[in-house]
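I am opening a notebook page on this structure and will record what I looked up, topic by topic.

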Amino acid sequence: MDREILHITVPAFPIALARVVDSNLRGRPVAVAPLNSERALLQCISAEAAAEGVHAGTPIYHARKSCPALIVIAPDPHLMAKGSQALQDLSAEFTPIVEPGAGRAFLDLTASRRLFGPARDVAARLEKAIANRMGLEAMAGAGVNKLVSRVAADVMQEAGVYDVFHGAERSFLAPFPVSVLPGVGESRQALLFRDLNLQRVEQVASLSMPQLRLAVGPFAPLLHDRSCGIDRSPVQPPRLSTEIVEEGLLDQEENDDAILLSELLRLVEACGLRLRRLRKGARKLTLSVMYADGVSQQGKKVLPVPTSLDLQLLAAVEDLFFTTCKRRQRVKGLRLSCDQVAEDAGQMDLFAPATAQVSQKQADLQETLDLLREKHGRDAVRWGKGLAARREATMASEPPPEWDPEQNKYMTLTSRS
């Protein structure tokens, strides 16, 4: 049975999402790049910017010379994650075999053809759903494999479906440059151009295997198959990960360590609770700091033994925070990842340094806190570090409450002389 592979893509996905949020960006040259330096490289450009001669990978100051009206916006990982998840959810309505990417997705419709019809019909319905629910314009390519469907979708200049009929893969790819073939990077492309003067896919397909092997070595069989439109790679759904991730965006961009640590503690509590429910501990911690100018920094730390207790996780994450967050720039988001999840009482390393053992009191305290949170809500009990920023704000904005002797009859008040 021939495969039915559909490739759906949204050109300049980060900019398309930003235009949904901010309509003032529509119809104007826009680029995405970190805003920490004029030397930062453009990561994505709009069609309007490309028409002005701007290219991805160009420094900002150089791009502004060729396009003075260029609007540069910072990357927004949170918006990208939400957009990618929405695109994946819409694709999953037609088949469970979806391989998501950044603003694109492969769908294997081989088994769902009888239910939803041919790939071009699914593409039309999916494009309509993306336009109605996400406000984005998508292009689609259909074929018997991922290579042909991807190239067909990238050819489209406006919303629509490019359906490559079965058996026409080689003739379809023939006029394209060799750079469309996977595995042909800049160095290999220069080699093909310089030594053999191979510029189009049909020229590569016409070579015999011994001739091609002289140029690219062991890569020759795979390159020849791809030049003939043969691609056996399957559509791979995302693999299940044991990684536990918590992410938070601040209400307003901050550079106050107390407020950032308070937000970090909230992430630690959430990760610790999920680990304890699994009766497992994490050994590797990864902290990502997202700054207001679009720059992200990441720090990693490996613990000597897996742990799931809040205080132990917080101590490790605090060290990680101060070694990672060193820029004098406001922070807009934090992301904490707990990896290498293993049993709390897993195999010990014979030569590992001695580590502090968890006392029974610490374990009982953590268990009690979890029971209180489960019964009365997540915010019923908080560690004091998480309340520091909120207490300061209360003291600054509200007058202190009056002393009620009846309500506080079991308390003592000591004043400094």
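Before writing about a helix that lies across strands, I note that contact here means heavy atoms within 4.5 Å. I also keep in mind throughout that I am reading a predicted model.

Entry on the three-stranded sheet. I looked up the strand order and found an open sheet of three strands in the order 3-2-4, with mixed pairing. Its edges are strand 3 (44-45) and strand 4 (71-73), each of which pairs on one side only. I then followed strand 2 (residues 30-32), which pairs with strand 4 in the parallel sense over three bridges, and I noted that Val30 has Ile71 of strand 4 as its bridge partner. Helix 1 (residues 13-21) lies across strand 2, strand 3 and strand 4, and I read its direction as running at about 120 degrees to strand 2.

Entry on the five-stranded sheet. I found here an open sheet of five strands, ordered 5-6-1-7-8, again with mixed pairing. I list strand 5 (98-100) and strand 8 (160-163) as the edge strands, since each pairs on one side only, and I record a twist that averages 15 degrees from one strand to the next. Strand 5 pairs with strand 6 (residues 104-108) in the antiparallel sense over three bridges, and within that pair I see Val98 opposite Leu107 of strand 6. Helix 7 (residues 146-155) packs on the sheet and touches strand 1 (5-9), strand 5, strand 6, strand 7 (139-143) and strand 8, while its direction makes about 150 degrees with that of strand 7.

Entry on a helix pair. I looked up how helix 11 (residues 209-216) meets helix 12 (residues 220-227), and they pack at an angle of about 120 degrees with their axes 9 Å apart; the crossing is right-handed. On the helix 11 side I note Met209, Leu212, Arg213 and Val216, and on the helix 12 side Ala220, Pro221, Leu223 and His224. Sorted by class, that contact has six nonpolar residues, one polar and one charged.

Entry on cavities. How many cavities of 30 Å³ or more does a search of the whole structure find? The search finds one, and I wrote down a volume of about 40 Å³ for the largest cavity. Its lining consists of Glu269, Ala270, Leu273, Arg373 and Arg378, to which helix 13 (residues 257-277) gives the most, with three residues. By class I count two nonpolar, no polar and three charged residues in that lining.

Technical notes
Residues numbered from 1 in each chain as written. Predicted model: local features only at pLDDT ≥ 70, side-chain atom pairs only at ≥ 80, totals over all residues. Heavy atoms only, no water. 1 Å grid on protein atoms, 1.4 Å probe; cavity = no way out; pocket = protein on both sides within 12 Å on 5 of 7 lines; lining within 4 Å. Points joined across faces, edges and corners; volume = space filled by probe spheres on them. Helix = DSSP H or I, 4+ residues; strand = E, 2+ residues; numbered from the N terminus. Nonpolar A, V, L, I, M, F, W, Y, C, P; charged D, E, K, R; others polar. Axes fitted to C-alpha atoms, helices over the stretch in contact; angles between N-to-C directions. Left-handed = near helix turned anticlockwise from the far one by under 90°. Pairing = 2+ DSSP bridges.
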